[in-house]
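Work through the exercises below with the sequence and the model side by side, attempting each task before reading its solution.

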Amino acid sequence: VMLNRRQVLLMALLTAIAPTLESCSSSNNSLSVRVLKDSIPPQLLGNFKKELLENRQVDIKPIAQLKTLYELLENLSQAESQKIPNLVTLGDIWLEKAIQKQLIQPLDITSVSNWNQLSAFWQNFLRRNEQGHLDPQGKIWGAPYRWGSTVIAYRADKLQAAGYDPLTDWKDLWREELRHRISLLNQPREVIGLTLKKLGASYNTENLDQIPNLKQELAALNQQVKFYSSQAYLQPLVLEDTWVAVGWSSDVLQLQRRYPDIKVIIPASGTALWADLWVQPIKNPDLSETMLKWINYCWEVDAATEIGLFTNASSPILLNQNPQQLPQTLKQDALRVPSPELIGKSEFLFPLSPQTQNQYQQFWQEMRTRHA
């Protein structure tokens with residue numbers, strides 16, 4: 001078949017731009033994610049792949065620690081030729097710093113269908129200015145896919161055998177029968193924060209000197225503590241060296257499956273919250289269709305339910321659901337699906353000014369010196 005001049009030119013043009021089209025198609029269709037290990041159930045990823053077209057590649061690699069993922073973002077911001085993943089898991093505690101250091105970029109996700117499944121509590125938490133501080137008019141810097149809290153774990157068998165009441169709130173840590181029977185996190189914001197909560201103040205109090213009796217309460221709590229640790233605070237509970245431990249729900253839920261005599265509560269006056277977010281590295285191209293699909297998929301009720309059932313955390317989407325429509329296991333789980341009232345009393349640990357940070361450190365050092 002003879003080709004006219006126009007057809008020859010058209011074929012030449014298509015041949016010239018074919019690599020560019022292939023590259024754009026690959027970029028738009030593929031998904032590369034670096035995720036915190038065990039924070040996404042394998043079956044959730046498998047189901048997502050089934051929903052995609054056959055030519056779409058999904059590369060999801062688990063990373064063991066949140067700190068390592070933050071360091072990955074630092075390295076990616078300086079990379080010239082390294083392949084940049086589309087999304088990376090980031091713990092909310094690093095969000096301010098990642099924004100300030102320009103390690104991540106805003107996420108334009110308000111158009112995805114499940115954005116409105118997030119309550120205003122979560123949407124406001126995501127809006128930050130260029131310094132990483134809360135700003136109702138700020139851009140959105142992450143997509144939360146799971147969350148947890150600071151909890152109290154205690155030996156119900158020991159308290160019951162001694163005839164003591166179960167624990168319900170932070171104030172119970174000051175009970176006389178728990179003297180030298182408590183392990184606390186080696187974290188100033190957590191320990192000072194729970195004491196502030198006991199006194200009816202906020203975890204994010206800006207001026208500690210304005211809280212009456214705070215130093216006295218910290219000193220009294222210090223007398224209850226057997227030791228401080230952020231890594232080994234649960235082992236003494238298992239060994240019955242302590243009766244109570246304050247820790248993170250992701251650690252405690254894993255332990256509770258093996259030791260049913262260890263009960264866990266979110267304190268009735270509220271607690272500290274944490275969240276794992278999807279963030280976009282600074283050098284990654286604009287949001288692709290597949291990236292949006294993944295973020296939206298993690299906010300589907302079925303996907304959120306799997307996160308709640310098969311990881312040591314929960315999904316923010318579950319907090320908006322009718323508890324009666326959830327699986328029985330989640331319906332009865334006050335840690336993964338607490339009441340709206342309890343969530344309303346709880347707080348994220350927001351960034352503090354350098355002056356306030358120094359004040360927290362001074363209070364902490366004074367408390368620990370007395371312990372020594």
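**Exercise 1: a first helix pair**

Helices α2 and α11 are oblique to each other, and the task is to establish why they are classed in this way and which residues make the contact.

Solution. The model is a predicted one, in which local features need pLDDT of at least 70 and side-chain atom pairs count only at pLDDT 80 or more, while totals for chains, interfaces and linings use all residues. Residues are numbered from 1 along each chain as its sequence is written, and side-chain values use heavy atoms, with hydrogens and water left out.

Begin by locating the two elements: α2 covers residues 42–51 and α11 covers residues 289–298, where helices (H or I, at least four residues) and strands (E, at least two) are DSSP runs numbered from the N terminus. Their axes lie 11 Å apart and the packing angle is about 135 degrees, with axes being lines fitted to C-alpha atoms, for helices over the stretch in contact, and angles running from 0 to 180 degrees between N-to-C directions. Angles under 35 degrees count as roughly parallel, over 145 as roughly antiparallel, 65 to 115 as roughly perpendicular and the rest as oblique, so the pair α2 and α11 is oblique. The crossing of α2 and α11 is right-handed (the near helix is turned clockwise from the far one by less than a right angle; anticlockwise would be left-handed). From α2, the contact is made by Leu44, Leu45, Asn47, Phe48 and Glu51, and from α11 by Thr290, Lys293, Trp294 and Tyr297, contact meaning heavy atoms within 4.5 Å.

**Exercise 2: a second partner for α2**

Classify the packing of α2 against α12, and list the residues that meet.

Solution. Helix α12 spans residues 301–310, and its axis is 9 Å from that of α2 at an angle of about 160 degrees. The two helices are therefore roughly antiparallel, and their crossing is right-handed. On the α2 side the residues are Gln43, Leu44 and Asn47, which meet Ala303, Glu306, Ile307 and Phe310 of α12. Leu44 and Asn47 thus appear in this contact and also in the contact with α11.

**Exercise 3: the buried side of α3**

Which residues of α3 are buried, how are they arranged around the axis, and what covers them?

Solution. Helix α3, residues 66–78, has 13 residues and reaches 19 Å from its first C-alpha to its last, close to the 18 Å expected at 1.5 Å a residue (the expected span is 1.5 Å times one less than the number of residues). Its buried residues are Leu69, Tyr70, Leu73 and Leu76, buried meaning under 20% relative accessible area, exposed over 50% and partly exposed in between, with a 1.4 Å probe and protein chains only. Because they cover an arc of only 115 degrees around the axis, they are on the same side of α3; the arc is that of the directions from the helix axis to the C-beta atoms. Their cover includes the strands β1 (31–36), β2 (58–63), β3 (87–91), β4 (104–105) and β12 (272–281), together with helix α4 (95–100).

**Exercise 4: α8 and its contact with α7**

Identify the buried residues of α8, and then the residues through which α8 packs against α7.

Solution. In α8 (residues 214–222), the buried residues are Leu214, Glu217, Leu218, Leu221 and Asn222. These cover an arc of only 140 degrees around the axis, which puts them on the same side of α8. The axis of α7 (residues 188–198) comes within 10 Å of that of α8, and the two cross at roughly 115 degrees, in a right-handed crossing. The contact joins Val191, Ile192, Leu194, Thr195, Leu196 and Lys198 of α7 to Leu214, Glu217, Leu218 and Leu221 of α8.

**Exercise 5: three single residues**

Are Val58, Thr150 and Ser229 buried or exposed, and what does each touch beyond four places in sequence?

Solution. Val58 is in strand β2 and, at 17% relative accessibility, counts as buried; it touches Leu31, Leu45, Phe48, Lys49 and Leu52. Thr150, in strand β7 (residues 143–155), is buried at 1% relative accessibility, and is in contact with Trp170, Glu190, Val246, Gly247, Trp248, Pro267, Thr271 and Ala272. Ser229 is in the loop between β9 (225–228) and α9 (235–238), counts as buried at 11%, and touches Leu184, Leu185 and Asn186.
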